[in-house]
Amino acid sequence: MLRLKKGIDTCIFLLSFTSLEVNYSQWSLDKHPFYSCNRCRNPVALRDNLLSKAFKAHSGQAYMFSEAKNFVLGENKVRQLITGRFVVADVYCNNCGEVLGWKYLKSFNVSQNYKVGNFIIEKAKVLKEYA
Ligand SMILES: [Zn+2]
């Protein structure tokens, strides 16, 4: 009986740990500014991970982040950008499906390798928020 109870407790602990992970507890724990989806307010990137504001996308200015959250990636595709050819994947909000920007997956030009793994998020698609 005791053994069974212990098992249940462990299960509950694991479940709550998993749901914490899904809810990105770190977003509410640290009081850092972040960017959220303009359409549904889903938090998608932390100000701390902002690398540059000097990017251009279809809609105008765009930001480069080292990390993003709460997104899904589209298919890999080769895209010719101003600075060269890249393999990229579109970045979608995982809540409302809005296209927020893209992620660099591969560069065909060594001088552009620093972008690989980073995210471009269009300024017009996000809101800056303060936790
Ligand atoms: Zn959204």
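## Strand pairing and the predicted model

Two strands are said to pair if DSSP finds at least two bridges between them. The structure discussed here is a predicted model. In this model, β3 and strand β4, which covers residues 60-65, are joined by five bridges and run antiparallel. Within this pair, A57 stands opposite G60 in β4. The connection from β3 to β4 is a hairpin of two residues.

## Overall composition

The protein chain contains two helices and nine strands. Along the sequence, these elements follow the pattern α-α-β-β-β-β-β-β-β-β-β.

Of the 131 residues in the protein chain, 22% are buried. Among contacts with a separation of 6 or more in the protein chain, 48% are between residues 24 or more positions apart.

## The six-stranded sheet

Six strands make up an open sheet, arranged in the order β3-β4-β8-β7-β6-β5 with antiparallel pairing. Its edge strands are β3 (50-57) and β5 (71-81), each of which pairs on one side only. On average, and with direction ignored, neighbouring strands of this sheet are turned by 30 degrees against each other.

Another pairing in the sheet is that of strand β7 (residues 99-107) with strand β8 (residues 119-122), which is antiparallel and has three bridges. Here W102 has I120 in β8 as its bridge partner. In general, side chains in a regular strand alternate between the two faces of the sheet.

## V87 and L105

V87 belongs to strand β6, which spans residues 84-93. Is V87 buried, exposed or partly exposed? V87 is partly exposed because 15 other C-beta atoms lie within 10 Å, whereas a buried residue requires 20 or more and an exposed residue has 12 or fewer. When neighbours within four places in sequence are set aside, the contacts of V87 are N76, V78, L105 and K106. One of these contacts, N76, is eleven residues from V87 in sequence, and the C-alpha atoms of the two are 6.4 Å apart in space.

L105 is found in strand β7. L105 also counts as partly exposed, because it has 16 C-beta neighbours inside 10 Å. Which residues does L105 touch, not counting residues up to four places away in sequence? They are N76, V87, V88, A89 and V116. N76 therefore appears in the contacts of both V87 and L105, as judged by C-beta atoms within 7 Å. Between L105 and G117 the C-alpha to C-alpha distance is 5.7 Å, although the two are twelve residues apart in sequence.

## Two residues with positive phi

Most residues other than glycine have a negative phi. Against this background, two loop positions may be described.

R41 has a phi near 65 degrees, a positive value in a residue other than glycine. R41 is placed in the loop between β1 (34-37) and β2 (43-46). The 14 other C-beta atoms within 10 Å of R41 explain why this residue is classed as partly exposed.

N70 likewise has a positive phi, near 55 degrees, and is a residue other than glycine. Where does N70 lie? N70 lies in the loop between β4 and β5. N70 counts as partly exposed because it has 19 C-beta neighbours inside 10 Å, while the buried class begins at 20.

How values were computed:
Residues numbered from 1 in each chain as written. Predicted model: local features only at pLDDT ≥ 70, side-chain atom pairs only at ≥ 80, totals over all residues. Helix = DSSP H or I, 4+ residues; strand = E, 2+ residues; numbered from the N terminus. Axes fitted to C-alpha atoms, helices over the stretch in contact; angles between N-to-C directions. Contact = placed C-beta atoms within 7 Å.
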